[in-house]
Amino acid sequence: MAAEAGKTAIVIGAGIGGLAAAAALAPHCAEILVLERDHLPPQAIARSGVPHGHQAHVLLLGAQHALAALLPGFDADLEAAGAVPLRQGLDGYLDFPKVGTLTPFDIDVDFYAASRPLIETVVRRRVAGLANVTIREGVRVEALVTSPSGDAVLGVRHAGPDGASVTHQADLVIDAAGRNGTLSREMLARGGSEALAATAIGMEIAYTTGIFVPPDDSARDWKYAYVVAGPPADTRSGLILPIEGGRWLATMVGRFGERPPADHAGFLDFARGLRNPVLHEALKAAVPEGKFARFVAPGSTWRHFERLDAPPRGWLPLGDTICDFNPVYGQGMAVAAQEAVWLRRLLDDAAGDLAALGKAFFAGLSAIIAPAWSASISDLGFPQTLGERPPDLAERLRFAAAIAALAAHDRDMRRLWTEVANLVKPPTAFQTPALRARIDAMMAEMAAHA
Ligand SMILES: Cc1cc2nc3c(=O)[nH]c(=O)nc-3n(C[C@H](O)[C@H](O)[C@H](O)COP(=O)(O)OP(=O)(O)OC[C@H]3O[C@@H](n4cnc5c(N)ncnc54)[C@H](O)[C@@H]3O)c2cc1C
C-alpha cells in the first residue's frame, strides 16, 4: 500500500502503544514522528517514564500476535534477544482459588516470557528501523494544538531545547502517552467537548518485584508458577516468571492497602503468606539481585472516548490513554497492540485516507476493549472493590468459577480458557450449547457443595 503523499503523523509516547501505532501507520504515512519524554536506553533496562516497567509483564498471545502482525518476525526477534519460550498448560504451576492446582496438559499454546524493558526494546528497535519513522527522545509534549473551534487537532506543542514553545503540525496526532489520558482529556475540555464518561473499578493493587538467580534444582517440574488471589477474602497473589539472562522475575501482589514489602526478608515473608507454599519454597533457595521495586495501581479505568458525539478530527487516543486495566490480567500491551492492528486495518481499507479514520476507529474500540474488561468485572467480587455492581454479578462469578473448575482437569476446556484469557478468542466462545450445558452442570454441582 503506497503512503499518502505528504501525510504526516505524530505519535506521543514511545511505550508499547505508541510504538505499535507508529508501526501501524508506517505503510500509510510519508513521515511519522514519535515524541517521547524519556531518554531511551539502548539496553533493556527500566526507565522513569514507564515506572511500572520493573514489574512483571506477561506478553499474552493476543499481544504477541498483534505485534507480529505489525512487525513480521517479532516473535523470532524476541526469542533471539533472550525471551524464554514457554508452553502454557505444561510449563506452568498454576494454583487458582476454589480449584487448587491445575493438572498440567499440553494444550499446544506457546508464549514468551521476558522483562517489560526487553519486550519494549525489541519492539522499539524494529520500529526505529522503519524508514519513515523518527523517534525523538527527551521531548515532553505539553498540549495538543487544536483549531480555534476545537473541532480538529492540528499538532502538538512542546518545549524546545532553549525552553521556548515549539509547535509541530501533523495530519494525525495519536495520543499514546499512557495512564490517565491527561493530554487528550485537557484538549477536549479546552474545546468545550461534552464531559468524557469513564467507568472505574477501584481496587488498589500493589506490586513488588525482585529479580532472582534461581536455585539449581533439577527436581522442579515447572518453569513458571502463579498463585492467584480470589474473592471474597483471599487478596494476595504471587508469580515467578523466567526471564532473559537465566533469571527469575518474582512479583508479589497485595490489594486494598496491603503492600508487599520491598526488602528480601519481608518479600519472602509475604510469599510465605500465600495460599500455596510453592513460591515461598522456590524463592527461599533463590538469590536476590539488585533492589526490589514497587508500583501501586488504582484498578481499572475505561475512558469512553468512543462515546464522544463529535471527536475532533486528526486525533486518536490509543492504549492506556483509553483504558488501563487491573494489571494482574496482563492485558494492557495486548489491547494497545490490537488497537494498533485495528488502526492499520482501517487505513488499509480506506487506502490510507487519514481523514476517514476517526469515527470508524472509535466505533471498533469497544469490541477490542470489552473482552479484556470483562476480566476486571470479577474484581467486584471483593467486597472492598469500588464500582457499580452489574445486577448479574453473582451469576457471572459463578459462571467464571465453573469454567475454571472444568478447565482445571479437562484439556479442551483448558485450551479454550487459556485462549480467552490470552485475548485470542472472545469470552462468547463459552456460549456454544454444548459448552453452556457443561458449564451450567458444573455451576449446579458447585452450588450443591457450597
Ligand atoms: C504494574 C503493572 C503491570 C502490568 N503488567 C502487564 C502485563 O503483565 N501484561 C500486559 O500486557 N500489560 C501489563 N501492564 C500494562 C502495560 O504496561 C500497558 O498497558 C502497556 O505498556 C501499554 O501502555 P501504553 O503504551 O499505552 O503506555 P505506557 O507504557 O505508559 O507508555 C507511555 C509512554 O508515553 C511517554 N509519555 C508520557 N507522557 C508524555 C508526554 N507528555 N510527552 C511525551 N511522552 C510522554 C512515557 O514516557 C511512556 O514512554 C501492566 C501495567 C502495570 C502498571
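In strand β13, alanine 225 is the bridge partner of tyrosine 93. This pair belongs to a parallel arrangement in the predicted model, in which four bridges join β4 (residues 92-96) to β13. Strand β13 (residues 224-227) is also joined to β14 (residues 237-243), here by three bridges and in antiparallel fashion. Within that pairing, tyrosine 226 stands opposite leucine 239 of β14. The side chains of β13 are divided between two directions: Tyr224 and Tyr226 point one way, Ala225 and Val227 point the other way, and all are buried. The loop between β13 and β14 contains proline 232. A cis peptide bond, with omega of about 5 degrees, joins proline 231 and proline 232.

**The open sheet**

Five strands form an open sheet with parallel pairing, in the order β7-β2-β1-β11-β17. The edges are occupied by β7 (133-136) and β17 (315-317); each has a single partner strand, so one side of each is left without a neighbour in the sheet. On average, neighbouring strands of this sheet are turned by 15 degrees against each other, direction ignored. At the β17 edge, the parallel pairing with β11 (residues 172-175) consists of three bridges. Valine 173 stands opposite tryptophan 315 of β17.

**Nonpolar core and helix α2**

The largest nonpolar core has 137 residues, and Ala20, Ala21 and Ala340 have the most contacts inside it. Helix α8 contributes the largest share of this core, nine residues. Not counting residues up to four places away in sequence, alanine 20 touches Leu67, Leu70, Ala336, Ala337 and Ala340.

Helix α2 (residues 61-70) is mostly covered, with seven of its ten residues buried. Among the buried residues of α2 are Leu61, Ala63, Leu67 and Leu70. The buried residues of this helix pack against α1, α3 (74-80), β6 (109-113), α4 (116-128) and α8.

**The ligand shell**

The ligand is surrounded by 38 residues, of which the closest are Gly13, Gly15, Gly49, Gly319 and Gly332. By class, the shell around the ligand has 19 nonpolar, 13 polar and six charged residues. At least two shell residues are supplied by each of α1 (16-25), β16 (287-303) and α8 (332-349). Helix α8 gives the largest share of the shell, four residues.

**Individual loop residues**

Two residues other than glycine with positive phi are listed below.

| Residue | Phi | Location |
|---|---|---|
| Aspartate 108 | near 60 degrees | loop between β5 (100-101) and β6 |
| Phenylalanine 256 | about 55 degrees | loop between β15 (247-255) and α6 (264-272) |

Aspartate 108 has 12 C-beta neighbours inside 10 Å and therefore counts as exposed. Phenylalanine 256, with 14 C-beta neighbours inside 10 Å, counts as partly exposed.

Proline 161 is located in the loop between β9 (153-159) and β10 (165-169). Proline 161 has 8 other C-beta atoms within 10 Å and is therefore exposed. Although proline 161 and valine 139 are 22 residues apart in sequence, their C-alpha atoms are 9.0 Å apart in space.

Key
Residues numbered from 1 in each chain as written. Predicted model: local features only at pLDDT ≥ 70, side-chain atom pairs only at ≥ 80, totals over all residues. Near = placed C-beta within 6 Å. Nonpolar A, V, L, I, M, F, W, Y, C, P; charged D, E, K, R; others polar. Pairing = 2+ DSSP bridges. Axes fitted to C-alpha atoms, helices over the stretch in contact; angles between N-to-C directions. Core = buried A, V, L, I, M, F, W, Y, C linked by C-beta atoms within 7 Å. Buried ≥ 20, exposed ≤ 12 C-beta atoms within 10 Å, placed from the backbone. Contact = placed C-beta atoms within 7 Å.
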